[in-house]
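Please keep the sequence and the model side by side while reading the paragraphs below. They follow the chain from a local turn outward to the sheet, the helices and the overall dimensions.

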Amino acid sequence: MILELGTEKIPCKIEKTRGRRTNISFRNDQSVLIIRTPGGKFTPQVQEFLYKNEAWILKNFKKQKGKLSQRDEFLKKLDRGIVPYLGETYGIEFLLDSKRWVQREEEEKKIYIYMLKKDSPEMRMSLLYGALRSLAKSHLERRTIELAKATDSKINQIRTKDLKSKWGSCSSKRNINLNWHLILLPPPIVDYVIIHELMHLREMNHSASFWNWVAHYYPKYKMAEKSLKQNQWMIGVMEQ
């Protein structure tokens with residue numbers, strides 16, 4: 001289904017909702033408008049609802065197209081062997097060895113991925129995914145331990161995950177979960193996400209008290225929040 005608003009032709013998908021109201025949204029990795037209606041059908045009432053929300057739909061459709069354009073450009077660079085790593089641009093080089101492993105050379109700004117002779121060229125993207133995730137796990141765990149000590153925060157476990165829509169989370173069991181895609185962002189922004197989650201050990205909410213704790217350890221947190229929103233498209237960009 002295509003919804004025409006102004007000069008834009010917007011792909012749409014109708015879904016049934018358990019609620020009584022129609023609601024709309026765009027998924028993070030798509031420029032498809034999701035329309036959830038009580039009956040799961042496109043009715044004149046739904047059409048009227050869409051036209052009343054035309055400004056919101058057009059604004060977010062354009063924003064979504066921009067995100068997808070950034071994702072496409074990122075993946076094109078990845079195919080050429082270029083990847084952002086903690087605020088720097090690194091080249092990727094595949095080499096043969098008797099075992100699979102990864103080596104990062106900071107001075108050369110190179111990530112060497114060692115593969116087996118039997119590994120096919122088609123496996124390279126999967127090996128790259130595993131290599132970057134391994135580097136992310138090492139950095140994020142080390143940095144979380146350092147910041148936990150600096151902020152006097154007691155943590156249980158640190159987990160590096162493929163989070164679908166978040167940069168990080170904190171559980172009531174004092175486990176810190178971090179999205180491994182953070183490795184694609186500059187170090188100050190990575191530190192902010194870690195501190196944000198560590199402060200949830202004090203306040204499991206987003207109350208004024210929570211933000212006061214965040215500001216105490218990361219005064220420029222509003223700038224970091226803005227940067228994260230601008231780079232939201234990176235979440236899951238290398239999802240396997």
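In the hairpin formed by strand 1 and strand 2, two residues lie between the strands, and glycine 6 adopts a positive phi near 60 degrees. The model is a predicted one, and its hairpin strands, strand 1 (residues 2-5) and strand 2 (residues 8-16), are joined in the antiparallel sense over four bridges. One of the pairings can be followed at residue level, since isoleucine 2 has proline 11 of strand 2 as its bridge partner. Strand 1 also has two distinct faces: Leu3 and Leu5 belong to the covered face, whereas Ile2 and Glu4 belong to the uncovered one.

The hairpin is part of something wider. Strands of a sheet pair through backbone hydrogen bonds, in either the parallel or the antiparallel sense, and here an open sheet of four strands, in the order 1-2-4-3, has mixed pairing. Its edge strands are strand 1 and strand 3 (23-26), each of which pairs on one side only, and from one strand to the next the twist averages 35 degrees.

Where does the parallel part of the pairing lie? Strand 2 and strand 4 (residues 33-37) run parallel and are joined by five bridges. Within this pair, lysine 13 has isoleucine 34 of strand 4 as its bridge partner, and glutamate 15 stands opposite arginine 36 of strand 4. Strand 3 and strand 4, by contrast, pair in the antiparallel sense over four bridges, with phenylalanine 26 bridged to leucine 33 in strand 4.

Why is strand 4 described as largely enclosed by the rest of the structure? Four of its five residues are buried, so strand 4 is largely enclosed, where buried means a relative accessible area under 20%.

Two helices lie against this sheet. Helix 1 (residues 44-52) packs on it by touching strand 1, strand 3 and strand 4, and the direction of helix 1 makes about 135 degrees with that of strand 4. Helix 2 (residues 54-79) lies across strand 1, strand 2, strand 3 and strand 4, and runs at about 105 degrees to strand 2. The loop between helix 1 and helix 2 holds asparagine 53, which is partly exposed because its relative accessible area is 26%. Asparagine 53 and lysine 161 are 108 residues apart along the chain, and their C-alpha atoms are separated by 36 Å.

Further along the chain comes helix 3 (residues 124-150), in which glycine 130 has its place. Glycine 130 counts as partly exposed because its relative accessibility is 36%. A separation of 28 residues in sequence lies between glycine 130 and valine 102, and their C-alpha atoms are 9.1 Å apart in space.

Two loop residues deserve attention for their backbone geometry. Most residues other than glycine have a negative phi. Aspartate 152, although not a glycine, has a positive phi of about 55 degrees; it lies in the loop between helix 3 and strand 9 (157-161) and counts as exposed because its relative accessibility is 57%. Arginine 174 is likewise not a glycine, and its phi is positive at about 70 degrees. Arginine 174 lies in the loop between strand 10 (168-170) and strand 11 (175-179), and with a relative accessibility of 33% this residue counts as partly exposed.

Toward later residue numbers, a helix pair can be examined. The axes of helix 4 (residues 187-199) and helix 6 (residues 221-230) come within 10 Å and cross at roughly 105 degrees, and helix 4 and helix 6 are therefore roughly perpendicular to each other. Helix 4 contributes Ile189, Tyr192, Val193 and His196 to the contact, while helix 6 contributes Tyr221, Ala224, Glu225, Ser227 and Leu228. Sorted by class, this contact of helix 4 with helix 6 has six nonpolar, two polar and one charged residues.

The whole protein can now be considered. It has six helices and 11 strands, and its C-alpha atoms fill a box of roughly 65 × 50 × 30 Å along the principal axes. Of its 240 residues, 42% count as buried. The protein exposes about 14,100 Å², of which carbon and sulfur atoms supply 49%. Among contacts with a separation of 6 or more, 48% are accounted for by residues 24 or more positions apart.

Note on methods: Residues are numbered from 1 along each chain as its sequence is written. This is a predicted model: local features need pLDDT of at least 70, side-chain atom pairs count only at pLDDT 80 or more; totals for chains, interfaces and linings use all residues. Side-chain values use heavy atoms; hydrogens and water are left out. Axes are lines fitted to C-alpha atoms, for helices over the stretch in contact, and angles run from 0 to 180 degrees between N-to-C directions. Angles under 35 degrees count as roughly parallel, over 145 as roughly antiparallel, 65 to 115 as roughly perpendicular and the rest as oblique. Contact means heavy atoms within 4.5 Å. Ala, Val, Leu, Ile, Met, Phe, Trp, Tyr, Cys and Pro count as nonpolar, Asp, Glu, Lys and Arg as charged, and the others, Gly among them, as polar. Buried means under 20% relative accessible area, exposed over 50%, partly exposed in between (1.4 Å probe, protein chains only). Two strands pair if DSSP finds at least two bridges between them. Accessible areas come from the Shrake-Rupley method with a 1.4 Å probe; for residues, only the protein chains shown count as cover.
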